[in-house]
Amino acid sequence: MADAIVVEGLIKRYGDVTALDGIDLTVPAGTVTALLGPNGAGKTTAVRVLTTLLVPDGGTATVDGLDVVGDARALRSRIGASGQYAAVDEYLTGFENLEMVGRLYHLGTRRSRERARELLAQFDLVEAGDRPVKGYSGGMRRRLDLAGALVAQPPVLFLDEPTTGLDPRARLGLWDVIDDLVARGTTLLLTTQYMDEAERLADRIAVIDRGVVIARGTADALKDLVGGERIELGLVDQSRLPDLRTELEPLAAGEIQVESGIRKVVVPVSGGADTLAAALARLSAAGIRVTDVALRKPTLDDVFLSLTGHEAQESDVEAAR
Ligand code: ATP
């Protein structure tokens with residue numbers, strides 16, 4: 001499979017701030033990669049370089065075989081992009097904005113209009129479509145911005161935090177639209193701060209922090225990095241804790257821990273549901289009753305925390321600027 005995006009040693013500085021500090025990334029054609037990272041990690045900068053809006057200070061990047069610097073003009077017609085920076089004319093209606101994008105991509109008047117109507121319907125903007133964007137809510141603007149990226153059905157698409165600011169229903173709707181695009185062969189690079197979104201949409205994830213890719217792989221591979229699963233259970237009778245240890249130690253893959261105050265016992269395990277069943281059978285045979293029990297797999301939040309030492313969304317305050 002050919003690679004639709006190839007990034008090598010990409011560097012971008014804003015004055016003293018190094019936003020990208022040598023990013024390497026490869027996205028095979030027809031696949032979805034998520035750039036996952038907290039605010040300020042460099043995601044938007046990476047997308048802006050790849051979509052020719054910013055010139056890098058070092059390294060190289062090609063998209064669809066075209067160099068983002070040398071072939072910038074030709075590249076622009078091969079890609080679609082949405083994000084915090086996308087241009088929407090406030091005084092035009094939603095329909096007119098989309099129609100204009102169609103013309104910029106040389107779709108022709110008729111096709112541009114058709115496509116604008118299709119997208120307005122897809123993004124639940126039919127009623128708003130004939131009103132000036134000036135009066136749109138934040139969520140409506142975001143949806144229009146996304147629709148704009150899809151006008152020309154480009155082979156490579158960049159979506160910068162596509163669901164930030166969308167309500168849950170619109171978020172699910174967008175996920176469906178993305179599934180549809182990918183089924184038709186579009187290559188997609190999206191950025192997100194949401195673990196569930198990366199996991200749901202992306203074939204591969206590149207975790208980015210402070211301008212560097214700190215881990216990459218499938219969601220499962222990343223989860224394996226932080227180690228296995230655990231059984232979490234509550235004890236009805238705390239005095240049976242020593243018995244519980246005796247029963248479950250042979251099944252545990254690590255030290256059994258008791259989280260103080262909340263009566264939760266955490267048993268690191270491997271073997272998934274089979275181990276869980278065996279554990280419950282042992283407890284039951286020994287007459288040790290539990291209040292509740294869960295088999296917990298590591299989330300991508302756990303992955304981020306263990307890779308970076310800080311939580312993925314620690315700088316939400318900044319996001320609210
Ligand atoms: P966010 O989710 O907040 O957009 P991000 O991962 O997309 O975060 P970038 O916007 O790429 O991160 O920012 C990377 C770094 O570069 C940050 O430290 C940011 O403050 C800085 N930065 C971004 N744009 C500029 C600019 N125009 N001038 C100076 N510094 C900038």
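Trainee: Let's start with strands β3 and β9: in which sense do they pair?

Mentor: Keep in mind that this is a predicted model. Strand β3 covers residues 32-36 and strand β9 covers residues 204-209, and four bridges link the two. Their pairing sense is parallel.

Trainee: And what is the bridge partner of Thr33 in β9?

Mentor: Look along β9, which spans residues 204-209. The bridge partner of Thr33 there is Arg204.

Trainee: What is the strand order in the open sheet of six strands?

Mentor: The pairing in this sheet is mixed. Its edge strands are β6 (79-82) and β10 (212-217), each pairing on one side only. From one strand to the next, the twist averages 15°. Reading across, the order is β6-β7-β8-β3-β9-β10.

Trainee: Which helix packs on that sheet, and what angle does its direction make with that of β8?

Mentor: The helix is α1, residues 43-50. It touches β3, β6, β7 (156-160), β8 (187-192) and β9. Its direction makes an angle with that of β8 of about 150°.

Trainee: α1 also lies across β1, β2 and β4, so at what angle does it run to β1?

Mentor: Those three strands belong to an open sheet of four, ordered β2-β1-β4-β5 with antiparallel pairing. Relative to β1, helix α1 runs at about 120°.

Trainee: Which are the edge strands of the sheet β2-β1-β4-β5?

Mentor: Inside the sheet, β1 (residues 3-14) and β4 (residues 58-63) run antiparallel, joined by five bridges. Val6 stands opposite Thr62 of β4 there. The strands that pair on one side only are β2 (17-28) and β5.

Trainee: β4 and β5 form a hairpin; which residue in the turn has a positive phi?

Mentor: The two strands pair in the antiparallel sense over two bridges, with β5 at residues 66-67. Val63 stands opposite Leu66, and Thr62 stands opposite Asp67. Two residues lie between the strands, and the one in the turn with a positive phi, about 55°, is Asp64.

Trainee: On to the helices. Is α3 parallel or oblique to α4?

Mentor: Helix α3 (residues 94-104) and helix α4 (residues 109-122) pack with their axes 8 Å apart, at an angle of about 135°. That angle makes α3, relative to α4, oblique.

Trainee: How many charged residues does the contact of α3 with α4 have?

Mentor: From α3 the contact takes Gly94, Phe95, Leu98, Glu99, Gly102 and Arg103, and from α4 it takes Thr109, Ser112, Arg113, Ala116, Arg117, Leu119 and Leu120. By class there are five nonpolar and four polar residues. The charged ones number four.

Trainee: How does α3 lie to α5, roughly parallel or oblique?

Mentor: Helix α5 covers residues 138-150, and its axis is 9 Å from that of α3. The packing angle is about 25°, and angles under 35 degrees count as roughly parallel. So α3 is, with respect to α5, roughly parallel.

Trainee: Which hand does the crossing of α3 and α5 have, left or right?

Mentor: In this contact, Gly94, Asn97, Leu98 and Val101 of α3 meet Leu144, Ala147 and Gly148 of α5. By class that gives four nonpolar, three polar and no charged residues. As α3 passes α5, the crossing is right-handed.

Trainee: How many charged residues are in the contact of α9 with α10?

Mentor: The axes of α9 (residues 241-248) and α10 (residues 272-285) come within 10 Å and cross at roughly 135°, so the two helices are oblique to each other. Leu244, Glu247 and Leu248 of α9 meet Ala279, Arg282 and Leu283 of α10. The contact has four nonpolar residues and no polar ones, while the charged residues number two.

Trainee: Last one: how far apart in sequence are the parts that the Arg171 and Asp196 pair ties together?

Mentor: The structure holds 22 salt bridges. One of them joins Arg171 to Asp196, with the closest N and O atoms 3.2 Å apart. Arg171 lies in helix α6 (residues 168-183) and Asp196 in helix α7 (residues 195-201), so the pair ties together parts whose separation in sequence is 25 residues.

Definitions and conventions. Residues numbered from 1 in each chain as written. Predicted model: local features only at pLDDT ≥ 70, side-chain atom pairs only at ≥ 80, totals over all residues. Heavy atoms only, no water. Axes fitted to C-alpha atoms, helices over the stretch in contact; angles between N-to-C directions. Parallel < 35°, antiparallel > 145°, perpendicular 65-115°, else oblique. Contact = heavy atoms within 4.5 Å. Nonpolar A, V, L, I, M, F, W, Y, C, P; charged D, E, K, R; others polar. Pairing = 2+ DSSP bridges. Salt bridge = Lys/Arg side-chain N within 4 Å of Asp/Glu carboxyl O. Left-handed = near helix turned anticlockwise from the far one by under 90°.
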